[in-house]
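Trainee: I have the model open and would love to go through it with you. Shall we take it one question at a time?

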Amino acid sequence: MSTTAGLSPAPRTRGPVVATVTVVSRKTLVILGVLTLGLALILATSAETGETTFRLAADSDFVTLPELTVPSLRTAWILAAVCALLTAESLRRYVAGRPTPAWAVIAFAVAWMAGFLTWASAGGSVPVVGLLAGSLALAVPLVFGALGGVLGERAGVVNIAIDGQLLLGAFAAAIVGSATGSPWAGLAAAMLAGALVAVVLGVFAITYLVDQVIVGVVLNVLVIGLTSFLFSQVLAPNAATLNSPPRFPRVPIPLLGEVPLIGPIFFRQTVIVYLLYIAVALVTFALYRTRWGLRVRAVGEHPKAADTVGIKVNRTRYRTIILAGAIAGMGGAFFTLVSVPQFNREMTGGAGYIALAAVIFGKWDPVRATLAALLFGFASNLQGVLAVLGSPVPSQFMLMLPYVITIFAVAGLVGRSRPPAADGVPYQKE
Amino acid sequence: MKLVLRNITKRFGSLVANDDISLEVLPGEVHCLLGENGAGKSTLMNVLYGLYQADEGEIVLDDVVQHFSGPGDAMAAGIGMVHQHFMLIPVFTVTENVMLGNESTGFAGTLDADAARERVREISARFGFHVDPDAIVEELPVGVQQRVEIIKALSRDAEILVFDEPTAVLTPQETDELMEIMRQLKEAGKAIVFITHKLREVRAVADRITVIRRGAVVGEAQPTATNADLAALMVGRPVELTVHKDAPQLGDESLVVKDLRVVDALGHVHLDSISFEIRAGEVLAVAGVQGNGQTELTEALVGLQDHVEGSIKLDGKELVGKSVRRILDSGVGFIPEDRQADGLVGGFSIAENLMLNRSFRSPFVKRGALRGDALEAFAREKLQEYDVRAPDIHTHAGKLSGGNQQKVVVARELSRDLRLLVAAQPTRGVDVGSIEFIHKQVIATRDRGIPVLVVSTELDEVVALADRVMVLYRGQVVGIVPGDTPRETLGLMMTGERPKDVVA
């Protein structure tokens, strides 16, 4: 054996370059332009008139914000004009060879969405608080899943099995919660279930070097099959004793819960949601500021380098994905302990895959991934709210919305992002 | 700290990588381990560093027998390693890399970055390294990255430092600086093991030399030994260190490159307004430190780069914008710099690899079907002609040694009717015997009246083959000089400086 044959190939040294010409992608500009035109087209061809009311207050607010009523079409046109201005700015920067800044994209998204909502709910009223609070509710499992995904991939393990972890978590929470009568026991069971899926993933992906994507997909299918089978054979016949878990009650936080707009959205929630806030903060802090995080990131970037400084690569990866699985499992518990107090077949509806998209859209960063997951949650909820409002858009079309937004976000706006260098690559000592 | 390796034997299956090797390194001494690629030097050091477990023998530090189950143990015992391929995490800062695995922490495992940063500054100042603790490693030049590796070892109080082929990626100037650093470390009482196959460097810093061949110690030598003696010891027979070649018979200007500019997908400009020409029967060697645009130049010549501006004319015909296949069909032979990634298909047989660039028509393909007998006859002939040591033409190319793999690539590229040969790092990681052979083939190609472009980061190779030398630095031509230009001048030019008497 030659001495270098077994070593991992040397990374191509990127030498000094003469200069860098910025190659600005046209993608963002094109997407903004198309969306602006689309909105203008909708408005131009629409006969909707009347006024739109935005309800900013929840029912039990301490301080009640007044309702905001605006003439629908005119306001929508103004917002469309704002979109056009932002697109023009993007064009100006593109011509000057500079990328579109994030603030412009965010401002565009807000203006476009507001304009669309104003038009879509002409003659009616938009429950702003309900819309946003509902978005958060739909986003909770996504955020937990995305956090788990970020952790795993930062350690170099691609986890396609997030959906399986959510589903098994939901299942375990339902059955244990029902049997014990305690939502806390259900939550603990969900975390264990998520971790269990992670262990199986680890055994195949880390120890036996099986392709991680394949293991993940197979695990998802396995969990679907397992829970569906047990549901029809065990849960459905004994629904009263095994599939009627207690729910976590809403616990408003004093003071914070009274803040107009913010309070009802963020601080009149269940314990799981508060745990989510803590989890996001803790994971972010731990990943960037602690020894543990430094080592996790090291094994995900360059496992051999980590090995040569005495870090046990595979042990670190196992620990990280098991923790990640437990976090994702908590997201599963949200389905059965908060959303719907019973387990159903395939009740995650592919949330794990959306969470995976949030990981990529969030560029493998816990905070960004959380924001991405919130955006996807908003898209899902928007569809529901618009259906209720009786908007002119066909509801079947609206069902696509969350997925369309996901694709646009991941493909179009994410820009060039770099995953951890050893993401998905099993580490094998020679 | 005194290091003794006693009767180390390491086997991989039936292959004995280290055969009963003993070695002693004293504090304040540079002990050089000299041997060819594949002689077993790195295996030995990986045993020392705990990455491999020896099958027999023991490692003794200050008369205490050690049992390393991993690099962590070796480091704790005071062994530090500067790896050939840096073991640094590119996206981390210098400080993060230095503290990784050895972190000082505060409350709840929080990193004490300030203490680590201070440590980097302190070591950096002590040895005059000039390393910014907060720089991102991938943005640093390789020479500085190597110093980060050294700091990493020193921050763990290493008493024994192992340098594994440290000069492979350095400029001649950076190499000189490294030699100076080694002397400093030696004076600070560190024991240094210096692994290399470059004779010049050995004689510059070594106090003792141990030569390894095929996994076994074949002798010790003094730093005063001649290059020829060392080379003979290393290879096991007398070696011709120089290539015999006659004065070139120059023809017309065959390859004319004008204002070549290459940009990659990220917008980095790798080559900027490069102009040169090669005459028929001439070798133009491109010198420069790796990563200064050589890869992009060779790839642009064969059509592998996407964003190419300017003109490449071969015998009057424009090549820019043509497909790779049309360029190859117009008579360009290409020996890529990474034979395993770009030169061969490891899972194909030698015979199949020999026809990769002629997979479209005769003689090996007839009406879309392979002609096995023609291919086999051809492969047998080439195996003989190019001295490829392989059991059979059906042996998988991936199973051959580096030298034999490279001979297969060379055989394939030279077996066509060529009008230009582009050879990128033709002898990288190849044994001395194969180097001799490949060099002879390159010169023979030249003597058939074919223009040859050789890219090499090894100054020895440049000097051996070149009729003229073009030096690249940061994607630009520093100068084109005659082949007999002194090495010092070339070394200087590789850092981007143009000596006064050189015209661009």
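**A helix in the interior, then the domains and their charged pairs**

Mentor: Happily, and let us begin in chain A: the buried residues of H11(A) are A:Gly293, A:Leu294, A:Val296, A:Arg297, A:Ala298, A:Val299, A:Gly300 and A:Glu301. Do keep in mind that this is a predicted model.

Trainee: How many of the eleven residues of helix H11 of chain A are buried?

Mentor: Helix H11 of chain A covers residues 291-301. The buried set includes A:Leu294 and A:Val296, and also the charged residues A:Arg297 and A:Glu301. The helix is largely enclosed by the rest of the structure because the buried count, out of eleven, is eight.

Trainee: Which helix of chain B do the buried residues of H11(A) pack against?

Mentor: Within chain A, the packing partners of these buried residues are helix H4 (128-154), helix H10 (271-289), helix H12 (303-308) and helix H13 (313-339). The packing also takes in a helix from chain B, namely H3 (94-99).

Trainee: How far apart are the C-alpha centres of the two domains of chain A?

Mentor: The division of chain A gives domain 1 as 27-123 and domain 2 as 139-377. Between the C-alpha centres of domain 1 of chain A and domain 2 of chain A, the distance is 34 Å.

Trainee: Turning to chain B, how many residues does domain 2 of chain B bring to its contact with domain 1 of chain B?

Mentor: In the domain assignment, domain 1 of chain B is 3-235, while domain 2 of chain B is made of 253-345 + 405-494. On the domain 1 side of chain B, eleven residues take part in the contact. From domain 2 of chain B, the number is twelve.

Trainee: What share of the area buried between domain 1 of chain B and domain 2 of chain B do carbon and sulfur atoms give?

Mentor: The centres of these two domains of chain B, over C-alpha atoms, are separated by 33 Å. The area buried between domain 1 of chain B and domain 2 of chain B is about 850 Å². Of that area, the share from carbon and sulfur atoms is 54%.

Trainee: Which residue of chain B forms a salt bridge with B:Glu458?

Mentor: Between domain 1 of chain B and domain 2 of chain B there are two salt bridges, along with one residue pair in polar contact. On the side of domain 1 of chain B that touches domain 2 of chain B, helix H6 (172-187) and helix H8 (227-235) each supply at least two residues. That side divides into four nonpolar, four polar and three charged residues. In one salt bridge, at 3.8 Å from N to O, the partner of B:Glu458 is B:Lys198.

Trainee: Is B:Lys198 buried or exposed?

Mentor: Its partner B:Glu458 is partly exposed, because its relative accessibility is 29%. B:Lys198 has a relative accessible area of 17%, and the cut-off for a buried residue is under 20%, so B:Lys198 is buried.

Trainee: In the salt bridge of B:Arg237 with B:Glu436, how far apart are the closest N and O atoms?

Mentor: B:Arg237 is partly exposed at 35% relative accessible area, whereas B:Glu436 is buried at 18%. Their closest N and O atoms are separated by 3.1 Å.

Trainee: Why are B:Asp329 and B:Arg325 separated by about one helical turn?

Mentor: The side chains of B:Asp329 and B:Arg325 meet in a salt bridge at 3.5 Å, N to O. B:Asp329 is partly exposed at 39% relative accessibility, and B:Arg325 is partly exposed at 35%. The separation is about one helical turn because, in helix H10 (residues 324-329) of chain B, the two are apart by four residues.

Trainee: Which residue's side chain makes a polar contact with the side chain of B:Lys382?

Mentor: B:Lys382 sits in helix H13 (residues 372-385) of chain B and is buried, with 9% relative accessible area. Leaving aside neighbours within four places in sequence, B:Lys382 has contacts that include B:Leu354 and B:Asp387. The side-chain polar contact of B:Lys382, at 3.5 Å, is with B:Ser415.

Trainee: And how many salt bridges does the structure hold over all chains?

Mentor: We have met a few of them, including the pair B:Lys198 and B:Glu458 and the pair B:Arg237 and B:Glu436. Over all chains, the number of salt bridges is 38.

Definitions and conventions: Residues are numbered from 1 along each chain as its sequence is written. Chains are lettered from A and ligands numbered from 1 in the order in which they are written. This is a predicted model: local features need pLDDT of at least 70, side-chain atom pairs count only at pLDDT 80 or more; totals for chains, interfaces and linings use all residues. Side-chain values use heavy atoms; hydrogens and water are left out. Domain bounds come from an automatic or database domain assignment. Contact means heavy atoms within 4.5 Å. Buried area is the accessible area (1.4 Å probe) that two parts lose on being put together, summed over both. A salt bridge is a side-chain nitrogen of Lys or Arg within 4 Å of a carboxyl oxygen of Asp or Glu. A polar contact is a pair of N or O atoms within 3.5 Å; within protein, one must be able to donate a hydrogen and the other to accept it, and residues adjacent in sequence count only if both atoms are side-chain atoms. Buried means under 20% relative accessible area, exposed over 50%, partly exposed in between (1.4 Å probe, protein chains only).
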